[in-house]
Amino acid sequence: DETPSQNRAVTPFFTSTSQELIEKADDAFQNDDKEKALALLLEAIQQEPDNSEALFKVGYILQKQDDNDDALDYYKKALEFDEQNEFIHNSVASIYRANKEFTSAKMHLNRSLELDDKNPLTYYNYGNLLVDMQNPEGAKGMYEKALELDPEFEEARRELENLADI
């Protein structure tokens with residue numbers, strides 16, 4: 001006669017797949033608990049070091065916390081596993097722009113446009129870069145393209161109005 005406990009498999013008390021950890025991190029982030037989100041994402045990366053989504057999201061949180069150097073490292077790592085991700089290229093470009101590394105920023109925005117030339121955010125980001133590069137005419141064209149793709153894009157409209165007098 002077997003006792004009930006002898007035929008049970010031993011399972012860990014708490015396990016989550018990397019995807020479940022990412023989902024929990026998204027919930028934590030939505031609830032403005034960036035530290036918990038970061039911890040969950042780092043755990044997901046421990047389980048699956050080549051998970052570009054987790055790497056990207058760690059970079060995003062670090063960037064939100066003004067840790068651009070570490071954010072850039074995570075973004076670059078994410079790109080190693082997902083070179084075709086326009087959002088990662090956009091994020092890398094924003095850090096390069098903040099660091100005044102305009103050539104690198106431009107390279108990543110161009111790559112993002114090669115991957116998807118219908119994303120108004122990329123044109124908006126490009127417009128911002130061109131403003132920083134003292135190219136208001138080029139910036140106007142980028143903001144106009146962003147508005148053509150998304151007529152409700154208020155930030156692009158505002159930036160375009162700011163350039164109207166130049």
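A residue is called partly exposed when its relative accessible area lies between the buried range, under 20%, and the exposed range, over 50%. Keep that in mind for the close-ups below, which all come from a predicted model.

**View 1. Glu-53 and Lys-57 pair up within helix H3.** The side chains of these two residues form a salt bridge, with N and O 3.0 Å apart. Glu-53 and Lys-57 are 4 residues apart in the helix, so about one helical turn separates them. Glu-53 has a relative accessibility of 31%, and therefore counts as partly exposed.

**View 2. Lys-57 also meets Asp-26 in a salt bridge.** Here the N to O distance is 2.9 Å. This pair connects distant parts of the chain: Asp-26 belongs to helix H1 (residues 18–30), Lys-57 to helix H3 (residues 52–64), and their positions lie 31 residues apart in the numbering. Asp-26 is partly exposed, because its relative accessibility is 26%.

**View 3. Lys-77 and Glu-80 form a salt bridge in helix H4.** Their closest N and O atoms are 3.6 Å apart. The two residues sit 3 residues apart in helix H4 (residues 68–81), so about one helical turn separates them. How accessible is each partner, Lys-77 and Glu-80? Lys-77 is partly exposed at 35%, whereas Glu-80 is exposed, with a relative accessible area of 55%.

**View 4. Asp-26, Glu-53 and Lys-57 belong to one network.** Salt bridges with shared partners join these three residues. Stepping back to the whole structure, a search finds 11 salt bridges, including the ones shown here.

Technical notes
Residues are numbered from 1 along each chain as its sequence is written. This is a predicted model: local features need pLDDT of at least 70, side-chain atom pairs count only at pLDDT 80 or more; totals for chains, interfaces and linings use all residues. Side-chain values use heavy atoms; hydrogens and water are left out. A salt bridge is a side-chain nitrogen of Lys or Arg within 4 Å of a carboxyl oxygen of Asp or Glu. Buried means under 20% relative accessible area, exposed over 50%, partly exposed in between (1.4 Å probe, protein chains only).
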